[in-house]
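Thanks for asking me to look this over. Here are my notes, set out as short points to read alongside the structure.

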Amino acid sequence: MSIPRFPASTGHAEVTAALAEFGCAVVEQMVPVATMRKARDELRPWLDATSMGTDEFAGRNTRRTGGLIGRSATCRELVMHPMVRDVVGGVLSHATSWQLHLTQVIAIGPDEKGQSIHRDQWAFDFFPFPSGFEVQCNTIWAMSDFTEANGATRVIPGSNKLSDRLEFTPEQTEPAEMPAGSVLFYTGALYHGGGANRSTETRYGLNITYVLSWLRQEENQYLAVPHEIARTLDDDLLRVMGYQRGAYALGYVDDLRDPLEVLKGDGHSTELGNYEATMARLNSMRGA
Ligand SMILES: O=C(O)CCC(=O)C(=O)O
Ligand SMILES: [Fe+2]
């Protein structure tokens, strides 16, 4: 089985259908290489300041830089890319709502070993979600060309349908090779892992993942993005970040208020000065 591949002109429904069947799909050159370069330039100070991982899974020759919404305007656009939102919405259409899970540049340096093959949904304490019930839809954008030699993500197409807690060797996987500007979609149930880097260059991947609203986000968006920046962002992006009620009531604030209203409005009702705002609201509701 090989990875389904599509040109950027493909409709989202075909990609969604491929993900249901194979758990992964590549859309080639979905954005210009210049967009990837721009994101890298915006993130440069943070990429340079990030330390190597401290365990085998994170990768001891791999740098992982997050908080990308606060740090890069281009990454905000990629989070909200219309094709991505349509595909994520399609893959997670069995739920009322979904949200951003994490944003992370994964820079795999030379001599890095292959990451162990895993399912991203194991992050949820290995809860055995029913087969076919996807809780995540993920992207990894090629910021640089992804090649077998430099550590392209290794995937097992169709493994979204296998049973849980299986072990695989890299030889049982195939590399998601793709030119810069392309994106690999993969579901939470797909077995995959970062590839070994046997080249002399660093492989830059931009991992942006999405999850059902009723699961905890892997990257805490409310603390990763400073509120003074968050208040300036578009409402649609903020809702995707989690500033919305998930399903019916998840994540409301104090008196059943919407988190977006709290962020952009009059703050917390425990704050000094808010008593007046609350009383004014009550009085207007009473028609006083
Ligand atoms: O960097 C990659 O290609 C994939 C990394 C990955 O799967 C992970 O860290 O969960
Ligand atoms: Fe992963």
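1. A term first: a residue is called buried when its relative accessible area is under 20%, and exposed when that value is over 50%. Please also keep in mind that this is a predicted model.

2. Let's begin with H118. Which loop holds H118? H118 belongs to the loop that runs between β4 (98-108) and β5 (136-142). Its relative accessibility is 6%, so H118 counts as buried. The side chain of H118 also makes a polar contact of 3.1 Å with the side chain of D120.

3. Both of these residues turn up again around ligand 1, where the full set is R64, I106, I108, Q115, H118, D120, I140, T153, H192, G194 and R203. By type, this shell splits into 3 nonpolar, 5 polar and 3 charged residues.

4. Which side chains place a polar atom by an oxygen atom of ligand 1? T153 has one at 2.6 Å, R203 has one at 2.7 Å, and R64 has one at 3.0 Å. With these partners in place, the protein covers 94% of the 290 Å² of accessible area that ligand 1 has on its own.

5. Where does ligand 1 sit among the pockets? The space that ligand 1 takes up is the largest pocket.

6. If you have the model open, a good place to start is H118, buried at 6% relative accessibility, and its 3.1 Å side-chain contact with D120. From there you can move on to the oxygen atoms of ligand 1 and look at T153, R203 and R64 in turn.

Notes:
Residues are numbered from 1 along each chain as its sequence is written. Chains are lettered from A and ligands numbered from 1 in the order in which they are written. This is a predicted model: local features need pLDDT of at least 70, side-chain atom pairs count only at pLDDT 80 or more; totals for chains, interfaces and linings use all residues. Side-chain values use heavy atoms; hydrogens and water are left out. A residue is near a molecule or strand if one of its heavy atoms lies within 4 Å of it. A polar contact is a pair of N or O atoms within 3.5 Å; within protein, one must be able to donate a hydrogen and the other to accept it, and residues adjacent in sequence count only if both atoms are side-chain atoms. Accessible areas come from the Shrake-Rupley method with a 1.4 Å probe; for residues, only the protein chains shown count as cover. On a 1 Å grid over the protein atoms alone, a cavity is a set of points where a 1.4 Å probe fits but cannot get out, and a pocket is an open set with protein on both sides within 12 Å along at least five of seven lines; lining residues have an atom within 4 Å of a point. A molecule sits in a cavity or pocket if more than half of its atoms lie within 2 Å of its grid points. Ala, Val, Leu, Ile, Met, Phe, Trp, Tyr, Cys and Pro count as nonpolar, Asp, Glu, Lys and Arg as charged, and the others, Gly among them, as polar. Helices (H or I, at least four residues) and strands (E, at least two) are DSSP runs, numbered from the N terminus. Buried means under 20% relative accessible area, exposed over 50%, partly exposed in between (1.4 Å probe, protein chains only).
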